[in-house]
Amino acid sequence: MSASVNGFGEIAESLRRSTVLIQAGGRGNGSGVIWSSDGVIVTNAHVAQKRQLRVQLWDSRELDATVIASDPARDIASIRVRATNLPPATIGNSSRLRPGELAIAIGNPLGFVGALTTGVIHAVGSVPGLGPQKWVQAGVRLAPGNSGGPLADAAGRVIGINTMVAWKLALAIPSDAVEEFLSGGTPSGRASENWLGVTLYPVQVPRNGNRGVKTFGLVVLHVEAESPAAHASLMPGDILLGAEDKPFSVLDDLSRALRGEGSRTLRLEFLRGDYARVRRVTVQLGNSAMRSSVAA
């Protein structure tokens, strides 16, 4: 046991060297994993929204990066920097994970570069409300900026790409799914423009102020700076109820409402403080420079 503890610092340092900071301009920062020594980096599609990105390596070097493939449905993307002899991560087999195993997450949350958090694996499989896609579900603490970073096992092998938090668990795209994505890519090779810029959590709320009757909603935990949600004046604590007369029951309902490309508007219903008063906001998608209007 003492040998494992003594080696943990080396494992963490190796993971940090294989983790990059991705600067996405006004959309904030994210993380990425060096997948190959010749410059291929894996991250989330929502981190790699722009075709041209800036990447900071562990040794503080900054390089331009280009998106080479993106799958917004699975929220995964690959980017490339012009560099060689980079320290690639060791990739593990996510299909062999078992509940209770140690999980290590590295990322750049809230401006802290190379931050580490640990927990245990809870499950590998689909999550209610998020469709059939499989996730590595772990009890590690994530924050804005962890997106796209590695989730690793006790040996430092990457077994997932951290993506979101749901039901108090961190969800990561399994490494097996990442390998499949890299082998096949996507036809278009570019990300969807439709990005809202919020972190959400499913909740139940009283319907029309009646505490005996409840409905579902998505509470806003975080709003990214300069995002369409920020321009629409959405705030943490707001509860999204639906879009275009279609209610939100699960997280995937919002994903469906956002699908599609090109500049367009999306009308959202939400609550702010008063459960008896439904508010409406028109969000401009595909053009974060245009501000949106809020109406009671």
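Let's start with a neat spot: the charged end of R17 sits over the ring of W58, 3.9 Å from the centre of that ring. Keep in mind that you're looking at a predicted model, not at something to be trusted evenly from end to end: 84% of the residues in the protein chain reach a pLDDT of 70 or more, and the mean is 82. The chain has four helices and 19 strands, and two closed barrels of six strands each are there to be found, one running β1-β2-β3-β6-β5-β4 and one running β7-β8-β9-β12-β11-β10.

**How far to trust it**

- Confidence changes from element to element: strand β10 (residues 150–152) has the highest mean pLDDT, 97, while strand β19 (residues 293–295) has the lowest, 41.
- Over residues 1–5 the pLDDT is below 50, and beyond near neighbours in sequence this stretch has zero contacts in the model.
- Residues 185–193 also stay under 50 in pLDDT. For this stretch, though, the model has 26 contacts beyond four places in sequence.
- Where pLDDT is low, don't read the predicted coordinates in detail.

**The chain as a whole**

- The protein chain has 296 residues, and 48% of them are buried.
- Take the contacts with a separation of 6 or more: 56% of them are between residues 24 or more positions apart.
- If you go hunting for aromatic pairs, you'll come back with zero. The ring of W58 does have a partner of another kind, namely the charged end of R17.

**The β1 to β6 barrel**

- This closed barrel runs β1-β2-β3-β6-β5-β4, and its pairing is antiparallel. On average, neighbouring strands of this sheet are turned by 40° against each other, direction ignored.
- Strand β3 (residues 40–43) runs antiparallel to strand β6 (residues 76–81), and four bridges join the two. Look for T43, which stands opposite A77 in β6.
- β6 also pairs with strand β5 (residues 62–71), in the antiparallel sense and over six bridges. Here T66 stands opposite R80 in β6.
- How much of β6 is covered? Most of it is, with five of its six residues buried.
- In a regular strand, side chains alternate between the two faces of the sheet.

**Two loop residues with positive phi**

- D75 is in the loop between β5 and β6. These two strands form a hairpin with four residues between them, and D75 takes a positive phi near 60° there.
- N85 has a phi near 60° too, a positive value in a residue other than glycine. You'll find N85 in the loop between β6 and β7 (102–107).
- Buried or exposed: which word fits D75? D75 has 14% relative accessibility, so it counts as buried.
- And what about N85, buried or exposed? The relative accessible area of N85 is 72%, so N85 is exposed.

**The β7 to β12 barrel**

- The order in this closed barrel is β7-β8-β9-β12-β11-β10, again with antiparallel pairing. Neighbouring strands of this sheet are turned by 45° against each other on average, direction ignored.
- Strands β11 (residues 158–166) and β12 (residues 169–174) run antiparallel and are joined by six bridges.
- Across that pair, N162 stands opposite A172 in β12.

**A look at L221**

- L221 has its place in strand β14 (residues 210–223).
- With 49% relative accessibility, L221 counts as partly exposed, because that class lies between buried and exposed.
- What does L221 touch? Leaving aside neighbours within four places in sequence, L221 is in contact with T199, L200, Y201 and P236.
- L221 and D238 are 17 residues apart in sequence, and their C-alpha atoms are 8.3 Å apart in space.

Technical notes
Residues are numbered from 1 along each chain as its sequence is written. This is a predicted model: local features need pLDDT of at least 70, side-chain atom pairs count only at pLDDT 80 or more; totals for chains, interfaces and linings use all residues. Side-chain values use heavy atoms; hydrogens and water are left out. pLDDT is the predictor's confidence in each residue, from 0 to 100. Contact means heavy atoms within 4.5 Å. Rings of Phe, Tyr and Trp (its six-membered ring) pair if their centres lie within 6.5 Å; planes under 30 degrees apart count as stacked, over 60 as edge-to-face and the rest as tilted. A charge sits over a ring if NZ of Lys or CZ of Arg is within 6 Å of the ring centre and within 35 degrees of the ring normal. Two strands pair if DSSP finds at least two bridges between them. Axes are lines fitted to C-alpha atoms, for helices over the stretch in contact, and angles run from 0 to 180 degrees between N-to-C directions. Buried means under 20% relative accessible area, exposed over 50%, partly exposed in between (1.4 Å probe, protein chains only).
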